[in-house]
Amino acid sequence: MVVRDTSKSTSDSVRVPSTAMNRLQSRHSRTANRYVQLQLVNNKESNKCTTTTSLNVKDKKGIFFPSTDEELTTRDLSSDGFGMLLPIAQTIDDATGGWGLSYADLSPETETTPAGVAFLFTNILYGVAGLLLTLRGDIIFGTLVETAGLVSYIYHYSQLKFGPDRPEVRLALLGDYFTAGTALLTGFAYLGGVGVADWNGVPLDLLLVAGGSIGCLCLCWVWEFGVAYLVWHSLWHIGSAYTAFLVGNLHALAA
């Protein structure tokens, strides 16, 4: 008669499942740890997205006064490619709390969408006004108005093409300040030269067009995003180009 020793078999039968169970528990533990890590990463990414979205919404509200956003007020422009213009750019940026060299986010419009193309087209009116003034003999002011229109086109094309917070656009914006400011100061000098510096002798149509243009410029700072900005800023282009022509024409008649 053969007697089977079951003690070892029984022990093995208990040990094997126990070892398998330990391995399974260990595997589950590692899986759980990975899941927790993934959840933490996802939460961080979610917080990032939420923060970015809130910043974008805040930026798109538009403002009249200098920004108090810490990211703007502490911005360093040294790597933006301003070159010799860096001190001027940094002074403007610092003096306005970052607002002076900030610009509207026009997405989803681009330089190739119908709204974007129509917006860029309004800059041609500066060229038309400048050409008419030049043909009337005012080469200086006519050239300044044409140059302002060209630089304005370059700035807004960059704005539509590159999007928000890009050094290429800030550089073009600084150039727009220079050319538009020079034309504007020349226009005021013309008004003073024809004896209407006190505004009493300014023609009514000039006052209305100039006032309406400035109003449109202010409104595009309030609605500083998308199509709303495109509409109001287009009206500013149209009105300011016509204002430049009226000022130049007034000066030519008084000469």
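Me: What do the buried residues of α7 pack against?

Reply: They pack against α3, α6 (139–162), α8 (204–222) and α9. Keep in mind that this is a predicted model. The buried set in α7 is V169, R170, A172, L173, L174, D176, T179, A183, T186, G187, Y190 and L191.

Me: How do you know that the reach of α7 is close to what is expected?

Reply: Helix α7 covers residues 167–193, so 27 residues, and the expected span is 1.5 Å times one less than that number. That expectation comes to 39 Å, and the helix reaches 39 Å from its first C-alpha to its last. So the expected and actual values are close, at 1.5 Å a residue.

Me: R170 is an arginine on that buried list. Why is R170 called buried?

Reply: Buried means under 20% relative accessible area, and R170 has 5%, so the label holds.

Me: And what makes R170 and D165 a salt bridge?

Reply: The rule wants a side-chain nitrogen of Lys or Arg within 4 Å of a carboxyl oxygen of Asp or Glu. Here the N to O distance is 2.6 Å, which is within 4 Å, so the pair qualifies.

Me: Is D165 buried or partly exposed?

Reply: Partly exposed: D165 has 48% relative accessibility, and that class lies between under 20% and over 50%.

Me: How many salt bridges does the rule give?

Reply: Two. Besides R170 and D165, the side chains of R166 and E168 meet at 2.9 Å, N to O. That is also within 4 Å, so the pair passes.

Me: Why are R166 and E168 both called partly exposed?

Reply: R166 has a relative accessible area of 30% and E168 is at 33%. Neither value is under 20% or over 50%, so they take the middle label.

Me: Back to R170. Which residue is 70 positions away from R170 in sequence and 9.5 Å away in space?

Reply: That's G100, with the distance taken C-alpha to C-alpha. G100 sits in the loop between α3 and α4.

Me: Why does a loop residue like G100 count as buried?

Reply: The label depends on area, with under 20% as the cut-off. G100 has 4% relative accessibility, so it counts as buried. Leaving out residues up to four places away in sequence, G100 touches I92, L173 and Y177.

Me: What makes Q90 buried?

Reply: The reasoning runs the same way for Q90: 17% is under 20%, so it makes the cut. Q90 lies in helix α3 (residues 86–95). Its C-alpha is 9.1 Å from that of L101, with the two positions 11 residues apart along the chain.

Me: And S152, buried or exposed?

Reply: Buried, because 5% relative accessibility is under 20%. S152 is in helix α6 and touches N123, D176 and H237, residues up to four places away in sequence not counted.

Me: Which residues touch the most other members of the largest nonpolar core?

Reply: F82, A89, L101, L106, F119, Y155 and Y229, in a core of 19 residues. At least two residues each come from α4 (114–121), α6, α7, α8 and α9, and α7 gives the most, with four. There's also a second, separate core of 14 residues, including F141, L191, A241 and L246.

Me: Now the surface. Which residues make the nonpolar patch?

Reply: F121, I124, L125, V128, L131, L132, L135, V227, V231, L235 and I238, over about 960 Å². The elements that give two or more residues are α5 (124–135) and α9 (226–254). The largest share, six residues, is from α5.

Me: Why can V227 belong to a patch?

Reply: A patch residue needs over 30% relative accessible area. V227, in helix α9, has 45%, so it clears that bar while still being called partly exposed.

Me: How many helices and strands are there in the chain?

Reply: Nine helices and zero strands.

Me: What share of the contacts with a separation of 6 or more is between residues 24 or more positions apart?

Reply: 70%. As for burial, 33% of the 255 residues are buried. The chain exposes about 15,600 Å², with 66% of that supplied by carbon and sulfur atoms.

Note on methods:
Residues are numbered from 1 along each chain as its sequence is written. This is a predicted model: local features need pLDDT of at least 70, side-chain atom pairs count only at pLDDT 80 or more; totals for chains, interfaces and linings use all residues. Side-chain values use heavy atoms; hydrogens and water are left out. Patches are made of residues with over 30% relative accessible area and no salt bridge: like charges are joined within 9 Å, nonpolar side chains (Val, Leu, Ile, Met, Phe, Trp, Tyr) within 5 Å. Accessible areas come from the Shrake-Rupley method with a 1.4 Å probe; for residues, only the protein chains shown count as cover. Buried means under 20% relative accessible area, exposed over 50%, partly exposed in between (1.4 Å probe, protein chains only). Contact means heavy atoms within 4.5 Å. A nonpolar core is a set of buried Ala, Val, Leu, Ile, Met, Phe, Trp, Tyr and Cys residues joined through side-chain atoms within 4.5 Å.
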